[in-house]
Amino acid sequence: MNQHSRALARASGNAAQFALANCIRTLSMDAVEAAQSGHPGAPMGLAEAATVLWTRHLKFDASRPDWPDRDRFVLSNGHGSMLLYSLLYLTGFQDMPLDELKRFRQWGARTAGHPEYGHAAGVEITTGPLGQGLAGAVGMAIAERSLAAGFGNEIVDHRTWVFCGDGCLMEGISQEAISLAGHLRLGKLTVLYDDNAISIDGDTAKAYTEDTRGRFEAAGWQVLACDGHDVEEIDRAIEAAKAETARPTLIAMKTVIGLGAPNKAGKASVHGAPLGAEERTLARATLGLAAGDFEIPEELLSTWREAGRRGAVARAAWEDRLAALDAGRRAEFERRLKGEMPEEFDAAIAAAKIRLFAEPQKVATRKASQMALETLAEICPEMIGGSADLTGSNLTRVSATATDFQADTPDGRYISYGVREFGMAAAMNGMSVHGGIIPYGGTFLVFSDYARNAIRLSALMEVGTIFVMTHDSIGLGEDGPTHQPAEHLASLRAMPNLNVFRPADAVETLECWELAVRNRRAPSLLALSRQGVPQLRSEGAENLSARGAYVLRDAEGARDVTILATGTEVALAVEASHVLAAQGVQAAVVSMPCWELFDAQPAEYRARVLGLAPRVAVEAASRFGWTRYVASDADVIGLDHFGASAPAEVLYEKFGITTDAVVTRALALVEG
């Protein structure tokens, strides 16, 4: 008897559970076959584990998929998306009818190739880039523990479950995630590992031979093992995971990929391609399935639907407990879950701006960011900050976040992520999609490269994660080109649905922070300076940064030239305008803290700000992208190379990012 036959024998030992698991298998292989695209192997191999978890343990109510105290289920190996879509259909999620499974991977379908947050209820986070689902689940578990510390276990008491495969654990982000989770002792986090030893290239022994269980043990996890096709073994392992409160749990499940496909099970050929008509027919016979496509016997569908209703009693009891809360606590809990700002938010921002006008600050924008955070974190208790081991440089800790979030202080509001930029960003995405938390975390802008794929997922999911990126230019000086971002602003601005803010002074920094905290539908990245800048505005209640760009200093009379700038270079542009005025040239200065917001403004506003006069732009970064606002690269005072090791003022002079350079180019444009 071969491995596949032995696994089938174990799986079919419990006939009732085997029949339920086979519902997942038939839907998965039929949908992939209909699309002629997809990954049937993982859903077929994980069918028993999914059946046990969803019918016996997962706390959810299919009729109320947004129930705040539901368990979270994350399919980190998102290529097996038909596993999740099958479960959502079988358990009765309203927006996952059978027709959606039949439209798998087609235009307009909720059943995207990889699960996408916001496309269908029950998809808790976008997965597909391997390892990020696991790392996002760490953030979900952090959010659960933080909210439980604030509102009590009678209101917040749920678990986070993750399915992952070898690919997730090969990705480097997995080490960041499991290390952080083990350190924080996130006892309500359980990872079920699909240990099938197959990847796209074949046997994982070609590239992956480490002691996976030992790795998790070393990170402080409880490690269990079971036969991934023996439902009773799986059940006992899950019970043991639920009983462990001090450590997260890994359940290593030995499985056969593509279980049921007689010629392809256990092989790479079943990983990422349809079974084919002949193999699918043989699989149906092997598994004892109905002959028709997408055909589920009524009695089995009824059992699955009952599983989808099982959590209704627990949900109703939770609603009673919520209703019994003190009115103030209940209102605060509901406000946070809705993503609404506190009543005093507007007044606090206005007061902070008035203080800046009364006492102008000449500080680095990273310091201005910390000043803004002092106000925001005080009035928004849902804000949880952190840094990838650069707190003293990012200045992301303030009075309200003085206490660390640790295993023994879950009410703390500051996370020391360690040198784990990617893991930090992905965990913050998990907090964002969980709800009730506004996460922000810091590193250097140059290290946004390490976090980039998680930043991209936050933009794709349309969630309001806040990335605080300091040391935003060659202005950081002596650390040299390895730490000086040159191309980063341009590459980040190329990303859809990401608001990249580069504020010019303390006032703009406060405004950009306000916009970032308010916006729960798009991530924000604040690029902040190491070097000090003068405060350029001294009056005005309106948040001018909300328009993305605005005229900071207008010409006296008709414009001869317009100078565009961001960040620290806005002060340089203002200085250049004074030099030009002394020579009889009228220059307007436009500060552009956020290109994305400016490009979204009405055409009339954009035309009025940019004006008809020739334009020159200045930014201590790559010139790339600026030609949407100026006539040519020659009109951009910027960089086309990496930085160097030297003091900031020397670098600006050597690389020609100076007042004289702006003046010279402006005069050339004016004189034609």
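# Spaces, a buried glutamate and two helices

The largest cavity has a volume of about 100 Å³, and of the 14 residues that line this cavity, F60, R70, D71, F93 and E124 are the closest to its centre. The structure is a predicted model, and a search through the whole of it finds four cavities of 30 Å³ or more. The points below begin with these enclosed spaces and the largest pocket, and then turn to single residues and helices.

**Cavities**

- Sorted by class, the residues that line the largest cavity comprise seven nonpolar, one polar and six charged.
- The second largest cavity holds about 50 Å³ of space, and its lining includes P68, D69 and R72, together with residues such as W318, F333 and H434.
- In the lining of this second largest cavity, seven residues are nonpolar, two are polar and two are charged.

**The largest pocket**

- The largest pocket has a volume of about 860 Å³, and 36 residues line it, of which Y117, S432, V433, G435 and V463 lie nearest its centre.
- Three helices, namely α15 (327-338), α19 (421-434) and α20 (448-461), each supply at least two residues of the lining of this pocket.
- When the lining of the largest pocket is divided by class, 14 residues are nonpolar, ten are polar and twelve are charged.

**E124, a residue at the largest cavity**

- E124, which is one of the residues closest to the centre of the largest cavity, is placed in the loop between helix α6 (98-102) and helix α7.
- Is E124 buried or exposed? Its relative accessible area is 10%, and because buried means under 20%, E124 counts as buried.
- The side chain of E124 is joined to the side chain of R70 by a polar contact of 2.8 Å, and R70 is also among the residues closest to the centre of the largest cavity.
- Leaving aside residues up to four places away in sequence, E124 touches R70, D71, R72, F73, Y117, M140 and V433; of these, Y117 and V433 are also among the residues nearest the centre of the largest pocket.

**Helix α7**

- Helix α7 consists of 20 residues, from 132 to 151, and at 1.5 Å a residue these should span 28 Å, which agrees with the 28 Å that separates its end C-alpha atoms.
- This helix is mostly covered, since 18 of the 20 residues of α7 are buried.
- Just after α7 comes G152, a residue that takes a positive phi of about 95°.

**I24 and S28 in helix α2**

- I24 lies in helix α2, which covers residues 15-35, and S28 lies in helix α2 as well.
- An α-helix has 3.6 residues a turn, so residues three or four places apart point the same way.
- I24 has a relative accessible area of 0% and is buried, and S28 likewise counts as buried, at 0% relative accessibility.
- The backbone oxygen of I24 lies 2.8 Å from a polar atom of the side chain of S28.
- With residues up to four places away in sequence not counted, I24 touches P43, A47, A50, T51, L83, S86, L87, L90 and W304, while S28 touches P43, M82, L83 and S86; P43, L83 and S86 therefore appear among the contacts of I24 and also among those of S28, where contact means heavy atoms within 4.5 Å.
- I24 and R72 are 48 residues apart along the chain, and their C-alpha atoms are separated by 20 Å.

**Two residues with a positive phi**

- Most residues other than glycine have a negative phi.
- Q36, although it is not a glycine, has a positive phi of about 55°, and the place of this residue is in the loop between α2 and α3 (41-45).
- R185 is not a glycine either, yet R185 has a positive phi of about 55°, and it is found in the loop between α9 (172-184) and β3 (189-195).
- How do Q36 and R185 stand in accessibility, and which of the terms exposed and partly exposed belongs to each? Q36 is exposed, because its relative accessible area of 55% is over 50%, whereas R185, at 40%, counts as partly exposed.

Terms used. Residues are numbered from 1 along each chain as its sequence is written. This is a predicted model: local features need pLDDT of at least 70, side-chain atom pairs count only at pLDDT 80 or more; totals for chains, interfaces and linings use all residues. Side-chain values use heavy atoms; hydrogens and water are left out. Helices (H or I, at least four residues) and strands (E, at least two) are DSSP runs, numbered from the N terminus. The expected span of a helix is 1.5 Å times one less than its number of residues. Buried means under 20% relative accessible area, exposed over 50%, partly exposed in between (1.4 Å probe, protein chains only). On a 1 Å grid over the protein atoms alone, a cavity is a set of points where a 1.4 Å probe fits but cannot get out, and a pocket is an open set with protein on both sides within 12 Å along at least five of seven lines; lining residues have an atom within 4 Å of a point. Grid points are joined across faces, edges and corners, and a volume is the space filled by probe spheres set on the points. Ala, Val, Leu, Ile, Met, Phe, Trp, Tyr, Cys and Pro count as nonpolar, Asp, Glu, Lys and Arg as charged, and the others, Gly among them, as polar. A polar contact is a pair of N or O atoms within 3.5 Å; within protein, one must be able to donate a hydrogen and the other to accept it, and residues adjacent in sequence count only if both atoms are side-chain atoms.
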